[in-house]
Amino acid sequence: MAMLTGKVAVVTGASRGIGKGIALALGAEGATVYVTGRTLSTGGHSLPGTVGDTAAEVDRRGGTGVAVRVDHSQDEQVAALFDRVRRERGRLDILVNNAFAIPEDLTDPKPFWEKPLSNWDMVDVGVRSNFVAAWHAAPIMAAQRSGLIVAISGYVGVTYTYGVVFGMCKAAVDRMARDMAIELQPHNVASISLWQGLTLTERAQANLARNPEMSKATVTNPAIGCSPEFPGLVIAALASDPQLMRRSGGTFITAELAAEYGITDVDGRAIPSLRAQRGAPIWQPIADGGGLA
């Protein structure tokens with residue numbers, strides 16, 4: 001039996017990229033995965049991928065994919081999503097907060113005052129959206145006294161990467177995950193943040209093709225990048241770990257957790273941690289003190 005047979009997951013922002021990879025990895029372990037995103041039809045975005053495509057691939061991998069169009073800046077759409085999950089499945093085991101309003105100019109080497117104020121949209125879909133989704137998920141998980149909420153973050157939480165708003169957002173979701181863990185602990189629900197390095201998504205590969213010089217930087221060196229499915233493999237292991245609550249409240253480097261669980265990427269590579277080059281997480285599991293006063 002697959003690790004996640006009978007489990008229900010919501011993965012936000014999963015039309016493509018990291019969200020899609022996570023959804024596929026969870027589906028391959030037998031989960032029912034609600035796939036959210038704004039792209040319903042081919043051609044609806046400059047990059048390939050739709051929620052339907054992802055859900056169909058989840059089915060092919062052995063899980064059950066459920067495509068749901070959700071704009072995570074619209075609270076009523078998010079509420080409807082979780083009402084549907086509760087109505088159709090009666091439970092929720094995993095929420096992966098991945099949706100993020102990545103601006104087209106994210107990697108442009110310009111100072112913040114030369115980029116548009118619309119870059120603040122990363123706060124709305126990237127920070128606030130995490131809170132809203134967790135706000136809806138937490139009552140379902142607390143009632144069943146189990147569950148895992150994962151925030152997708154990165155080294156950018158402690159080291160400058162691309163821009164001011166981007167770094168602020170990732171630092172915020174790390175702290176949010178830690179403080180949610182404190183309030184969820186009495187209900188046996190875990191909350192963690194995962195740090196990704198370069199993930200070879202459709203967008204990342206397009207950026208590298210457009211600007212080959214990026215491959216020379218540690219941040220964007222494809223030789224040490226991972227597949228979009230890699231974090232999903234780690235999340236599946238976390239969700240199946242009987243000692244999961246020992247990790248709650250912590251920020252973890254995905255590559256380091258993978259090494260602990262004996263996980264390699266889909267091509268068999270061991271993905272390196274960039275702790276020495278890019279910095280260490282601030283928040284430790286609350287079971288270990290976790291920065292509590």
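How are α7 and α8 oriented to each other? Notes below; keep in mind throughout that this is a predicted model.

1. To take that opening query straight away: the axes of α7, residues 230-239, and α8 approach to within 10 Å and cross at roughly 55°. The two helices are therefore oblique to each other, since an angle has to be under 35 degrees to count as roughly parallel and 65 to 115 to count as roughly perpendicular. As for the hand, α7 passes α8 in a left-handed crossing.

2. Staying with this part of the chain, have a look at Ile263, in the loop between α8 (254-261) and α9 (275-278). Ile263 counts as buried because its relative accessibility is 17%, and the cut-off for buried is under 20%. Its C-alpha lies 8.6 Å from that of Phe230, although 33 residues separate Ile263 and Phe230 along the chain. Phe230 is also where the range given for α7 begins (230-239), so if you are checking how the α8-α9 loop sits, I'd start with this pair.

3. Now to α1, which covers residues 17-28. With 12 residues, α1 reaches 17 Å from first C-alpha to last, close to the 16 Å expected at 1.5 Å a residue. The helix is mostly covered, with 10 of its 12 residues buried. Among the buried ones are the glycines Gly17, Gly19, Gly21 and Gly27, along with Ile18, Ile22, Leu24 and Leu26; Ala23 and Ala25 are buried too. For anyone sorting these by helix face, an α-helix has 3.6 residues a turn, so residues three or four places apart point the same way. After α1 comes Gly30, with a positive phi near 95°.

4. What does α1 pack against? One partner is α2, residues 51-61: the axes of the two helices come within 8 Å and cross at roughly 25°. That makes α1 roughly parallel to α2, because the angle falls under the 35 degrees used as the limit. The crossing of these two is right-handed.

5. A second pairing worth a look is α4 (residues 121-144) with α5, where the axes are 9 Å apart and the packing angle is about 15°. This makes α4 roughly parallel to α5. Here, the crossing is right-handed.

6. The loop between β5 (148-154) and α5 (164-184) holds Tyr162, and you may want to check its backbone: phi is positive, about 75°, although the residue is not a glycine. Tyr162 counts as partly exposed because its relative accessibility is 24%. Gly157 lies in that loop between β5 and α5 as well, and counts as buried, given a relative accessibility of 15%. Gly157 also makes a long-range link: Pro281 is 124 residues away in sequence, yet the C-alpha atoms of the two are 8.0 Å apart.

7. Asn188 is another non-glycine residue with a positive phi, near 60°. It is found in the loop between α5 and β6 (190-196). At 34% relative accessibility, Asn188 counts as partly exposed. I'd inspect Asn188 and Tyr162 in one sitting.

8. On to the aromatics: how many aromatic pairs does a search of the whole structure find? The search turns up four. Phe112 and Trp113 make an edge-to-face pair, at 5.1 Å centre to centre with 90° between the planes. Is this pair buried or exposed? Phe112 counts as exposed because its relative accessibility is 55%, and Trp113 is exposed as well, at 62%; the cut-off for exposed is over 50%.

9. Tyr162 turns up again in an aromatic cluster, together with Phe100 and Phe166. So the residue with the positive phi of about 75° is also a member of this cluster. Phe100 has a further contact: Lys170 lies over the face of its ring, 4.2 Å from the centre.

10. Finally, one more charge over a ring. The charged end of Arg247 sits over the ring of Phe252, at 5.7 Å from the ring centre.

Conventions:
Residues numbered from 1 in each chain as written. Predicted model: local features only at pLDDT ≥ 70, side-chain atom pairs only at ≥ 80, totals over all residues. Heavy atoms only, no water. Helix = DSSP H or I, 4+ residues; strand = E, 2+ residues; numbered from the N terminus. Buried < 20%, exposed > 50% of the residue type's maximum accessible area, 1.4 Å probe, protein only. Expected span 1.5 Å × (residues − 1). Phe/Tyr/Trp six-rings, centres within 6.5 Å; stacked < 30°, edge-to-face > 60°. Lys NZ or Arg CZ within 6 Å of the ring centre and 35° of its normal. Axes fitted to C-alpha atoms, helices over the stretch in contact; angles between N-to-C directions. Parallel < 35°, antiparallel > 145°, perpendicular 65-115°, else oblique. Left-handed = near helix turned anticlockwise from the far one by under 90°.
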